[in-house]
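Please walk through this structure one part at a time. The text below takes up side chains over rings, then ring pairs, helix packing and a few points along the backbone.

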Amino acid sequence: MKQQRSQFRAIRGVRDILPPESALWNRVEQTAHDVFATYNFREIRLPIFEETELFARSVGADTDIVSKEMYTFARKLEFLRENIGPVSDAMTDRVGLQRYVQILAVFSDNVQRSVEGESIPRTERNRQAAQELKALVGQAVDRWNGGFYEPDAEWQRLLTEAAGLVSSVEVEPSESLRPEGTASVVRAYIEHSMHTLPGDVKLYYMGPMFRRERPQKGRYRQFYQIGAEVLGQSDSPAIDAEVIEMLMAYLDRLGLKGATLYVNSIGCKECRAAYVAKLREELLKVKDQLGADSQRRIETNPLRVLDSKLEHEQAIIERLPRISDHLCAACREHFAELQAQLKLRSIEYKINWRLVRGLDYYTRTTFEITAPGLGAQNAICGGGRYDGLVELLGGPPTKGIGFAIGTDRLVLALQEAGKGESASHIDVFVAWLGRAESPVYAAAVKLARQLREEGFAVELPPEEMKLKKSLGLADKLGARYALIIGEDEIASGSFVLKRLADSEQRKLSESELLNYLKSDENRKVAAAQRQS
């Protein structure tokens with residue numbers, strides 16, 4: 001019996017974006033290019049993987065994103081080193097001793113080959129460690145082969161020295177697929193000394209991010225973001241307001257209606273620290289009424305309790321102290337000026353005191369945008385000020401603000417609002433009648449190229465078809481026009497253009513055909529059909 005081959009499918013949590021949906025994605029991305037450019041933002045293209053430590057330091061090593069959700073690739077030597085364990089494991093019995101010696105031998109062999117093959121840094125320290133480790137492992141193997149199977153003082157000395165050498169080997173750092181974009185932008189800003197450029201540095205990016213979380217509607221393990229960052233020396237509320245204005249202008253250009261902007265201030269290091277202490281104090285009083293996650297966050301990050309979506313915690317959270325009542329004078333003034341700047345720009349907003357960021361380098365302005373039609377997970381964009389991040393990652397003191405749009409959710413919101421793309425954008429289907437070697441086909445190829453050079457989407461069948469079959473295919477593909485070319489049309493120099501929506505036909509010369517299709521009236525009809 002012939003074995004049936006299994007069918008490959010996309011991995012759980014990722015998906016293919018197919019036509020016509022891909023056309024909507026193109027519009028979403030192209031509109032970002034167009035709108036952001038009018039605010040003097042320039043695109044930065046970033047690698048999709050970085051050193052793991054970059055995200056551990058920026059996003060937070062204790063966050064779920066870093067500790068549970070990142071796709072991290074550890075080097076083979078690092079993996080082996082993590083499996084060696086403490087010397088005390090070897091000193092329990094002969095089984096533990098044998099296992100320890102075997103793993104040391106494998107590690108030593110890999111270090112030798114890695115130094116020679118330059119897959120780890122060829123430093124003097126590594127070369128010396130490799131030689132000394134090889135000698136020690138050789139002694140350990142000889143001792144085992146000599147019948148010394150029981151842990152003793154000599155084994156303790158040998159393995160302790162070897163373990164020290166194992167720790168001293170410099171291994172290339174582990175790498176992770178990016179879970180977000182801001183850290184990479186800041187790394188590039190520092191690495192390329194962009195702080196020396198004149199004025200504020202305004203950058204935007206778009207592309208895939210990766211997190212291993214539970215897939216659900218609008219949330220995937222490979223997801224997409226469109227983000228923007230402003231880095232410079234000023235933390236003026238006018239910068240914050242202009243970033244928000246650009247974001248709202250972008251959503252408006254896309255035709256997304258009903259989006260709601262929420263803003264808040266989370267203060268500075270000084271006033272936020274006092275607020276967090278007060279918040280922790282109040283949370284401890286109601287600890288027994290909270291869920292396990294919130295109880296843990298009381299100690300690790302009390303601000304995150306405010307993010308809780310558990311129904312039974314909502315009434316408790318509403319009675320907690322509000323950060324707006326604990327802002328210092330400078331932060332109150334900054335938030336008041338932000339609101340004045342938004343009003344100046346006729347931007348509607350709502351204040352949400354629970355809109356916070358848990359990491360220390362976030363300061364003052366924070367904002368979020370929600371869209372209708374997405375259910376409980378209705379946020380499509382989040383952003384805020386992060387004046388301490390550049391310094392945290394080794395750069396000069398720099399102010400920063402930015403946002404990230406969840407492109408998957410934005411596309412879903414547009415689809416829910418009826419702003420998706422139509423099934424086809426074919427302007428002209430060329431229905432040619434004759435053989436492939438005939439002048440008819442040559443004329444069809446020439447006309448198709450001319451129309452494409454003018455920006456029209458044209459479908460040209462590669463093989464001859466009967467007229468009825470050609471028109472049927474044109475209709476199924478959603479073409480607006482069928483251009484009929486046969487021997488009679490070649491002889492007369494006039495072609496039949498048939499509008500498929502109402503079967504209206506007209507005979508046009510080559511120049512008349514191009515002029516008609518390029519006419520303003522026809523362009524308007526085409527635009528209306530594409531939006532319907």
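Arg143 lies over the face of Phe148, at a distance of 4.5 Å from the centre of the ring. The model is a predicted one. A second arginine is placed in a similar way: Arg15 lies over the face of Tyr220, and here the distance to the ring centre is 4.1 Å.

Arg143 also leads into the packing of two helices, since Arg143 is one of the residues of H6 that meet H7. Two packed helices are described by the angle between their axes and the distance between the axes. Helix H6 covers residues 124–145 and helix H7 covers residues 153–168; their axes come within 9 Å and cross at roughly 155°. At an angle over 145 degrees, two helices count as roughly antiparallel, and H6 and H7 are therefore roughly antiparallel to each other. Their crossing is left-handed. On the H6 side, the residues that meet H7 include Leu133, Leu136, Ala140 and Trp144. On the H7 side, the residues that meet H6 include Trp155, Leu158, Ala162, Leu165 and Val166.

The next topic is the pairing of aromatic rings. Over the whole structure, a search finds 7 aromatic pairs. In one of them, Phe36 and Tyr204 are arranged edge-to-face, with 5.3 Å from centre to centre and 80° between the planes. Phe36 belongs to helix H1 (residues 21–38) and Tyr204 to strand S5 (residues 201–210), so this pair ties together parts that are 168 residues apart in sequence. How buried or exposed are the two partners, Phe36 and Tyr204? Phe36 has a relative accessible area of 0% and is buried. Tyr204, at 5% relative accessibility, counts as buried too, because the limit for buried is under 20%. The two rings are also part of a cluster, in which ring pairs link Phe36 and Tyr204 with Tyr250 and Phe403.

Phe36 and Tyr250 appear again where H1 meets H9. The axes of these two helices come within 10 Å and cross at roughly 135°. H1 and H9 are therefore oblique to each other, and H1 passes H9 in a right-handed crossing. From H1, the residues in this contact are Arg27, Val28, Thr31, Ala32, Asp34, Val35 and Phe36. They meet Met246, Ala249, Tyr250, Arg253 and Leu254 in H9.

H9, which spans residues 237–254, also packs against helix H13 (residues 329–344). The angle between H9 and H13 is about 40°, and their axes are 8 Å apart. That angle makes H9 oblique to H13. The crossing of H9 and H13 is right-handed. Pro237, Ala238, Asp240, Ala241 and Ile244 of H9 meet His334, Glu337, Leu338, Gln341 and Leu342 of H13.

Some points along the backbone remain. Most residues other than glycine have a negative phi, and most peptide bonds are trans. Where is a cis peptide bond found in this model? A cis peptide bond joins Pro19 and Pro20, with omega at about 5°. Pro20 is in the segment before H1.

Two serines have a positive phi. For Ser346, phi is near 55°. Ser346 sits in the loop between H13 and strand S8 (350–351), and with a relative accessible area of 67% Ser346 is exposed. For Ser503, phi is near 65°. Ser503 is in the loop between strand S15 (494–499) and strand S16 (504–509). At 45% relative accessibility, Ser503 counts as partly exposed.

Another loop residue is Leu306, between helix H11 (292–300) and helix H12 (314–318). Is Leu306 buried or exposed? Its relative accessibility is 2%, so Leu306 counts as buried. Leaving aside residues up to four places away in sequence, Leu306 touches Tyr275, Ile317, Leu320, Trp353, Arg354 and Val356. Leu306 and Ser234 are 72 residues apart along the chain, and their C-alpha atoms are separated by 29 Å.

Definitions and conventions:
Residues are numbered from 1 along each chain as its sequence is written. This is a predicted model: local features need pLDDT of at least 70, side-chain atom pairs count only at pLDDT 80 or more; totals for chains, interfaces and linings use all residues. Side-chain values use heavy atoms; hydrogens and water are left out. Rings of Phe, Tyr and Trp (its six-membered ring) pair if their centres lie within 6.5 Å; planes under 30 degrees apart count as stacked, over 60 as edge-to-face and the rest as tilted. Helices (H or I, at least four residues) and strands (E, at least two) are DSSP runs, numbered from the N terminus. Buried means under 20% relative accessible area, exposed over 50%, partly exposed in between (1.4 Å probe, protein chains only). A charge sits over a ring if NZ of Lys or CZ of Arg is within 6 Å of the ring centre and within 35 degrees of the ring normal. Axes are lines fitted to C-alpha atoms, for helices over the stretch in contact, and angles run from 0 to 180 degrees between N-to-C directions. Angles under 35 degrees count as roughly parallel, over 145 as roughly antiparallel, 65 to 115 as roughly perpendicular and the rest as oblique. A crossing is left-handed if the near helix is turned anticlockwise from the far one by less than a right angle, and right-handed if clockwise. Contact means heavy atoms within 4.5 Å.
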